[in-house]
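Colleague: Please pick one part of this model and give me a close look at it. I'd like the geometry spelled out, along with the cut-offs behind each term.

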Amino acid sequence: MTTMTKATVTRLFIGGGFSIIAGAILAIAAVWIAIANDVFVMNGPDIVGLRGSRLAASMLGLAIVGAVAIMGGLIAGLVAWIGALLNTWQLESKAWFIALLLLGIFNFGFFAMVAYLLGGPDGASAAALRGAQAAARPNPA
């Protein structure tokens, strides 16, 4: 059985975070450039239309790329959280598993993942150690 190690969870979570940041920067830059070049038709503080141009199309494309990067980062974070749950399930004590599960369900998953990455145990190495110890024990016949 293949397990997700803590190192893999860490790389996935940090990579997802960078993807979210990069996507947000792209989307904000696209909107900012569009506002600066009068792409939006404004009625007071409200946007009521768009002026069609090549710039408008390219800024829309840039904003879509940013949104896709943000969604990819969020999916990577979800996969990292599920990997951390599977990893901590293999531990003898289920305290980390329960903490990650409940904090994730109640929308504090980011803080739970940061705590796990900083101080949580690696269930994959604990399972490998238990398997090695079981294999080393003589079989009573």
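Modeller: Confidence comes before geometry: the chain averages a pLDDT of 88, and 87% of the residues score at least 70; pLDDT is the predictor's confidence in each residue, from 0 to 100. This is a predicted model, so local features need pLDDT of at least 70 and side-chain atom pairs count only at 80 or more, while totals for chains, interfaces and linings use all residues. Residues are numbered from 1 along each chain as its sequence is written, and side-chain values use heavy atoms, with hydrogens and water left out. Confidence is highest in helix H1 (residues 6–36), at 96, and lowest in helix H5 (residues 123–136), at a mean of 59. Where pLDDT is low, the predicted coordinates should not be read in detail.

A quick map of the fold next. There are five helices and two strands in the chain, and from the N terminus on they run α-β-β-α-α-α-α. Helices (H or I, at least four residues) and strands (E, at least two) are DSSP runs, numbered from the N terminus. The chain has 141 residues, and 25% of them count as buried; buried means under 20% relative accessible area, exposed over 50%, and partly exposed in between (1.4 Å probe, protein chains only).

The part I'd zoom in on is a nonpolar surface patch of about 850 Å², made by Ile98, Leu102, Leu103, Ile105, Phe106, Phe108, Phe110 and Phe111. Helix H3 (95–105) and helix H4 (109–119) are the elements that give two or more residues to it, and H3 gives the most, with four. For the record, patches are made of residues with over 30% relative accessible area and no salt bridge; like charges are joined within 9 Å, and nonpolar side chains (Val, Leu, Ile, Met, Phe, Trp, Tyr) within 5 Å. The areas are Shrake-Rupley with a 1.4 Å probe, and for residues only the protein chains shown count as cover. A salt bridge here is a side-chain nitrogen of Lys or Arg within 4 Å of a carboxyl oxygen of Asp or Glu.

Ile98 is one of the patch residues and lies in helix H3. With a relative accessible area of 44%, Ile98 is partly exposed. In the loop between H3 and H4 you'll find Asn107, which counts as exposed because its relative accessibility is 70%. Asn107 also has a positive phi of about 70 degrees although it is not a glycine. Most residues other than glycine have a negative phi, and most peptide bonds are trans. Asp38 shows a positive phi too, of about 55 degrees, without being a glycine; Asp38 lies in the loop between H1 and strand S1 (40–43) and is exposed at 53% relative accessible area.

Now the rings. A search of the whole structure finds four aromatic pairs. Rings of Phe, Tyr and Trp (its six-membered ring) pair if their centres lie within 6.5 Å; planes under 30 degrees apart count as stacked, over 60 as edge-to-face and the rest as tilted. In the patch, the rings of Phe110 and Phe111 have their centres 5.6 Å apart and their planes at 80 degrees, so this pair is edge-to-face. Both of these Phe residues, Phe110 and Phe111, are exposed, and ring pairs link them with Phe13 into a cluster.

Another edge-to-face pair is Trp89 with Phe97: the centres are 4.9 Å apart and the planes sit at 65 degrees. Phe97 counts as buried, at 17% relative accessibility. Trp89 has a charge contact as well, because Lys94 lies over its face at 4.4 Å from the ring centre. The test for that is NZ of Lys or CZ of Arg within 6 Å of the ring centre and within 35 degrees of the ring normal. Likewise, the charged end of Lys6 sits over the ring of Tyr116, 5.4 Å from its centre.
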